[in-house]
Every structure is written in C-alpha cells, then in structure tokens.
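Subject: Handover of a model, with notes

Dear colleague,

I am passing on the structure below, and I would be grateful if you could read the notes that follow with the model open beside you.

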Amino acid sequence: MTYLEVHHAGAVRLVPLTAATAAIGRAPANDVTIGDKQVSRLHAVVECFPSGWSIRDLGSTNGTTVNGARLRQGRLLRDGDRIEIGPARLLFRAPAEHADTATVSTDPPAPPPPLTRRERDVLRELCAPYARGGCVFPEPPSVRELASSLGLSGSAVKKHLTNLYDKFGLHTNDDRRRARLAAEAVRRGVCAPPGG
C-alpha cells in the first residue's frame with residue numbers, strides 16, 4: 001500500500017504508486033500534477049528500487065524538501081516522510097506489512113470510529129494547529145501541553161491517546177504517532193481541515 005497523500009489548495013488526494021517511477025510537477029502529463037507557478041513543469045521524481053522508494057529533485061527552480069531539509073541528492077523515503085514542493089505537502093505512505101501486496105483505494109476515507117466526549121476533546125486540542133491553517137503538517141501539541149489545555153493529568157492524556165491510536169489503527173510506536181493521529185482525524189472528518 002504505497003502512495004502519496006497530496007495536500008494542496010485545501011484538498012487531500014491519494015495517489016497510488018503503482019509504477020516504478022512517478023513524476024511530480026506542474027505539467028498535466030505528470031503522475032502527480034501540482035498546478036502552481038512555484039512548481040516546475042517537471043519538478044521531482046519518486047522511484048522504486050529493490051531497496052525501497054527514493055525521491056530526486058530534477059533541477060527545479062524552487063527546490064524540494066523532505067522533513068524540512070532541502071533535497072540536494074536522491075534520498076530514500078520512509079513511511080511518514082513529509083515532502084514539500086511549492087505550496088503542496090505530500091506525505092509518503094508505505095506501511096511495511098503491506099508494501100508489496102496491497103493497492104490503495106481512492107474511495108473516501110472511512111468514517112471516524114465511535115469516540116467518547118473526552119476523546120473528542122483531546123482530538124480537538126491535538127488538531128488545533130491544523131485548524132489554524134498555515135503548514136499542513138504542523139507539530140502537534142505535546143502531552144504536557146494537551147494536559148494543561150484540557151485540565152487533565154499527563155497520565156490521563158496518555159491513556160486517551162492510547163485509546164485513540166487503537167481506534168484509528170495507528171499501531172506503530174514512533175515519535176510521529178501524535179502527528180499521524182491528528183492528520184488521520186482531519187482526513188476522516190473529526191477535526192476541520194486547514195481553511196475548512
């Protein structure tokens with residue numbers, strides 16, 4: 001299930017990576033078209049090698065960044081990497097357990113799971129940076145910040161977050177899990193998207 005989650009102009013679309021290469025740029029013939037003058041006609045390419053997927057900038061005028069670092073040469077992509085091309089933000093998704101066998105559905109996202117009132121409160125605070133707009137991939141509040149704004153203990157916030165990770169199917173234990181939870185809550189309509 002390897003795909004790019006493309007955030008641009010207030011919309012989110014999923015682009016399955018089904019071929020060995022995917023061209024990204026302003027020209028309509030690209031696999032991922034980003035219609036903006038800050039994007040070169042042929043801006044970057046995502047390529048599949050036996051060792052994994054990589055991205056290269058193709059000499060674009062305004063450059064490409066991955067996780068905030070400007071791309072100077074080809075770079076191996078990992079699940080969850082943030083790619084910025086002009087005003088567009090792309091999230092590379094390649095869950096290891098399904099990387100070679102699954103396909104990506106372009107159907108609308110699944111409805112959110114049943115949530116308690118307090119879980120909705122936690123999600124609302126977690127998604128607050130998204131609702132304010134600006135960067136599509138802002139850093140979510142820390143557990144301490146969530147506890148302070150909600151008037152809860154840190155352990156109570158951690159317990160709610162653990163329940164939410166389970167409900168949204170986020171079973172990896174990495175430092176980006178809160179950001180992924182916020183992005184998933186926005187994608188599935190629990191929180192308002194930027195500009196929404």
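In what order do the 6 strands of the open sheet with antiparallel pairing lie? The order is E2-E1-E11-E10-E7-E8, and the sheet they form is an open one. Its edge strands are E2 (11-16) and E8 (69-70), each of which pairs on one side only. Please keep in mind throughout that this is a predicted model.

Overall composition

The protein chain contains 5 helices and 11 strands, and of its 196 residues 43% count as buried. The chain exposes about 10,400 Å², of which carbon and sulfur atoms supply 50%. If one takes the contacts between residues at least 6 apart in sequence, 45% of them join residues that are at least 24 apart.

The antiparallel sheet

Beginning at the E2 edge, strand E1 (residues 3-8) pairs with E2 in the antiparallel sense over 6 bridges, and within this pairing Tyr 3 stands opposite Pro 16 in E2. The two strands form a hairpin with 2 residues between them, and Ala 9, which lies in the turn, has a positive phi of about 55 degrees.

A second hairpin is made by E10 and E11, again with 2 residues between the strands, and here Gly 86 takes a positive phi near 55 degrees. E10 is paired with strand E11 (residues 88-93) in the antiparallel sense over 4 bridges, with Ile 83 standing opposite Leu 90 in E11. E10 (residues 82-85) is also joined by 3 bridges to strand E7 (residues 64-66), and these two strands run antiparallel; in this case Thr 65 is the residue that stands opposite Glu 84 in E10.

The mixed sheet

There is also an open sheet of 5 strands, in the order E4-E3-E5-E6-E9, whose pairing is mixed. Its edge strands are E4 (32-33) and E9 (75-76), each pairing on one side only. Inside this sheet, strand E3 (residues 21-25) and strand E5 (residues 44-49) run antiparallel and are joined by 4 bridges, and Ile 24 stands opposite Ala 44 in E5.

One residue of this sheet that I looked at individually is Asp 57, which is placed in strand E6 (residues 52-57). Is Asp 57 buried or exposed? Strictly it is neither, because its relative accessibility is 22% and it therefore counts as partly exposed. When its neighbours within four places in sequence are left aside, Asp 57 is in contact with His 43, Ala 44, Gly 63, Thr 64 and Leu 71. Asp 57 and Leu 42, which are 15 residues apart in sequence, have their C-alpha atoms 9.1 Å apart in space.Helix H3 and its surroundings

Among the helices, I would draw your attention to H3 (residues 143-150), in which Leu 146, Ala 147 and Leu 150 are buried. These residues cover an arc of only 100 degrees around the axis, which puts them on the same side of H3. The face of H3 that is turned away from this buried side carries the exposed residues Arg 144 and Ser 148.

What covers the buried residues of H3? The cover includes helix H1 (117-126) and helix H4 (154-167). H3 and H4 pack at an angle of about 105 degrees, with their axes 9 Å apart, and that angle makes H3 roughly perpendicular to H4. The contact is made on the H3 side by Val 143, Leu 146 and Ala 147, and on the H4 side by Gly 154, Val 157, Lys 158 and Leu 161. Leu 146 and Ala 147 therefore appear both among the buried residues of H3 and in its contact with H4. Just after H3, Gly 151 takes a positive phi of about 70 degrees.

With best regards

Terms used. Residues are numbered from 1 along each chain as its sequence is written. This is a predicted model: local features need pLDDT of at least 70, side-chain atom pairs count only at pLDDT 80 or more; totals for chains, interfaces and linings use all residues. Side-chain values use heavy atoms; hydrogens and water are left out. Buried means under 20% relative accessible area, exposed over 50%, partly exposed in between (1.4 Å probe, protein chains only). Contact means heavy atoms within 4.5 Å. Accessible areas come from the Shrake-Rupley method with a 1.4 Å probe; for residues, only the protein chains shown count as cover. The arc is that of the directions from the helix axis to the C-beta atoms. Two strands pair if DSSP finds at least two bridges between them. Axes are lines fitted to C-alpha atoms, for helices over the stretch in contact, and angles run from 0 to 180 degrees between N-to-C directions. Angles under 35 degrees count as roughly parallel, over 145 as roughly antiparallel, 65 to 115 as roughly perpendicular and the rest as oblique.
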